Amino acid sequence: MLIDWFTVGAQTLNFLVLAWLLKRFLYQPILLAIDERERRIATELGDADAKKAEAQQERDEFQRKNEAFDRQRAALLSKATNEAQAERGRLLDEARQAADALSAQRQDALVNDTDDLKLAIRGRTQQEVFAIARKALKDLAATDLEGQMVGMFARRLRELDGQAKECLTDALKTAPEPALVRSAFELPDEHRSALRRTLNETFSADLPLRFEVAPDLISGIELSANGQKLAWSIADYLVSLEKGVDELLKGRAKPEAQAEPKPATKG
Amino acid sequence: MHLSPDEIIFWQFGVIKLNATIVYTWGIMLVLALGSKLITRKLSMDMKRSRWQNLLEIVVTAIEKQIEEVGLGEPRKYLGFLGTLFLFVATANLGTVLPGYEPPTGSLSTTVALALCVLVAVPLFGILEQGIGGYLKTYVEPTVIMLPFNIISEVSRTLALAVRLFGNMMSGVMIIGILLTITPFIFPIVMTVLGLLTGMVQAYIFSILAAVYIAAATCTPKPEPTNS
């Protein structure tokens, strides 16, 4: 008989025992180890994903901050540039104003200098003219300047034309006060009497006269009565001389003004 | 010359006897259980692990995958039974390379015992999965007429399991024994190598067939398409 039923039973029992033993010592531990490893791998992958997401988030945050910083920097730079340009403009305006003020000051000073110079020239010319005229008259005609001036004034009186003479005659005759004779210098008595005689002859009347010294007449004689005036003086000639001097000075001032340096505009 | 290791009796007391089948089975049990215990004593949960642990993991996951491929949805539920079947038969067959070893699977008593275990396990798993009514219903499908044929099929395939394994292993051992007497040098070695292959194939066939029977018993039949 090939089948031994005791052996069959024993082998069945042996198989069941072996199945239990292997389940206890082989399958369960091995499957547990595999599951645990898979769980760990899954956890590590999850951690890695979380870290990756975190890194991505931090990268985004960093990028965002970086962009914000760039924007802020650009804004600050732009603001600083604008402020610097505004300050530059302000400083340039100030410098321009200062240069203008200085130029105006220089112009004023030049005008003052010109005026002073004109005054000085005028005075000096006056003196020189008198001195030259006096000397020339004295040397050539053996007479003094005052005498010549009185003579000149007398000739003018005599040469007065009709209407002017009438007006002056009326004024002299109707004047409540004596007619005033102003001269740049003190007239000697002979000249005064010569002048009085000429007046009496010219206007055919005995006119009372009052003499007065006025240096601003500049070597001249002026007769005034009741608002009418007759005068001769070197001032007329001096005025033309003054015009000539003015033109000369203007001609000098223009090149100086053109030669003035322009204010620097470099920033 | 003997056909079965059952005939080698070391000790006997009445019907109780200690023959080579039982003794070698204990040896295999000891090797498997002790080896598993020793290797799984300090298992590594990390990526770095020992070679023996790797080997066991490969074996276990391969068996699990094979069970799943047969069609059993939850392989771990059947791993204890089917995995033990394969490992026991494979170890018993691979032992033939050892001189003086008699494979327990060369005993019809052992193969009958294993086939009986399959015979019991199939309805057990079927009832656990589908309930007793659902399982018994499979015997009368597609019609009640099929009931005796289904029962005969159940018994005959159990017998076929037992006899197939026994016949293959017994014949292998017998051929090697006969060849040893005729041509003592080359052919027995070749036949031993062939026997190893045959042993592994038989272990695979035995466990796969058991898995297929269980799968057939546990799988709920698909609803038939209705004619509209």
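Chain B exposes about 12,600 Å², and carbon and sulfur atoms supply 72% of that area. The model is predicted. Chain A and chain B bury about 3,500 Å² between them, and the largest nonpolar core draws on helices of both chains. Phe81(B) is one of the residues with the most contacts inside that core, and its ring pairs with that of Phe15(A).

**Chain B as a whole**

- Chain B contains six helices and two strands.
- Along the sequence these elements follow the pattern β-β-α-α-α-α-α-α.
- Chain B has 228 residues, of which 42% count as buried.
- Among contacts in chain B between residues at least 6 apart in sequence, 66% join residues at least 24 apart.

**Where the two chains meet**

- The contact takes 30 residues from chain A and 47 residues from chain B.
- Of the area buried between the chains, about 3,500 Å², carbon and sulfur atoms account for 75%.
- On the side of chain A, the residues that lose the most area to chain B are Leu2(A), Phe15(A) and Arg37(A), which together make up 20% of what that side buries.

**Aromatic pairs**

- Over all chains, the count comes to six aromatic pairs.
- In one of them, the ring centres of Phe15(A) and Phe81(B) lie 5.7 Å apart with the planes at 85 degrees; planes over 60 degrees apart count as edge-to-face, so this pair is edge-to-face.
- The pair crosses between chains: Phe15(A) belongs to helix α1 (residues 5–141) of chain A, and Phe81(B) to helix α3 (residues 75–94) of chain B.
- Phe15(A) has a relative accessible area of 3% and is buried.
- Phe81(B) has 13% relative accessibility and also counts as buried, because the limit for buried is under 20%.
- Within chain B, Tyr135(B) and Tyr139(B) form an edge-to-face pair, with 5.4 Å from centre to centre and 85 degrees between the planes.
- Both Tyr135(B) and Tyr139(B) are buried.
- Phe15(A) and Phe81(B) join Tyr78(B) and Phe125(B) in one aromatic cluster.

**A charge over a ring**

- Arg157(B) places its charged end over the ring of Tyr213(B), 4.0 Å from the ring centre.

**Nonpolar cores**

- The largest nonpolar core has 58 residues, and those with the most contacts inside it are Phe81(B), Leu82(B), Leu85(B) and Val118(B).
- At least two residues of this core come from each of these helices: α1 of chain A, and α1 (20–40), α2 (51–70), α3, α4 (108–137), α5 (147–182) and α6 (186–218) of chain B.
- Leaving aside neighbours within four places in sequence, Phe81(B) is in contact with Phe15(A) from chain A, and with Cys117(B), Val118(B), Ala121(B), Phe125(B) and Ile214(B) from chain B.
- Another core lies apart from the largest one; it has 24 residues, including Leu145(A), Leu187(A), Ile221(A) and Leu223(A).

**Thr198(A) in chain A**

- Thr198(A) lies in helix α4 (residues 189–203) of chain A.
- With 8% relative accessibility, Thr198(A) counts as buried, because that value falls under the limit of 20%.
- Apart from neighbours within four places in sequence, Thr198(A) is in contact with Ala154(A), Leu157(A) and Arg158(A).

How values were computed. Residues are numbered from 1 along each chain as its sequence is written. Chains are lettered from A and ligands numbered from 1 in the order in which they are written. This is a predicted model: local features need pLDDT of at least 70, side-chain atom pairs count only at pLDDT 80 or more; totals for chains, interfaces and linings use all residues. Side-chain values use heavy atoms; hydrogens and water are left out. Rings of Phe, Tyr and Trp (its six-membered ring) pair if their centres lie within 6.5 Å; planes under 30 degrees apart count as stacked, over 60 as edge-to-face and the rest as tilted. Helices (H or I, at least four residues) and strands (E, at least two) are DSSP runs, numbered from the N terminus. Buried means under 20% relative accessible area, exposed over 50%, partly exposed in between (1.4 Å probe, protein chains only). A charge sits over a ring if NZ of Lys or CZ of Arg is within 6 Å of the ring centre and within 35 degrees of the ring normal. A nonpolar core is a set of buried Ala, Val, Leu, Ile, Met, Phe, Trp, Tyr and Cys residues joined through side-chain atoms within 4.5 Å. Contact means heavy atoms within 4.5 Å. Accessible areas come from the Shrake-Rupley method with a 1.4 Å probe; for residues, only the protein chains shown count as cover. Buried area is the accessible area (1.4 Å probe) that two parts lose on being put together, summed over both.
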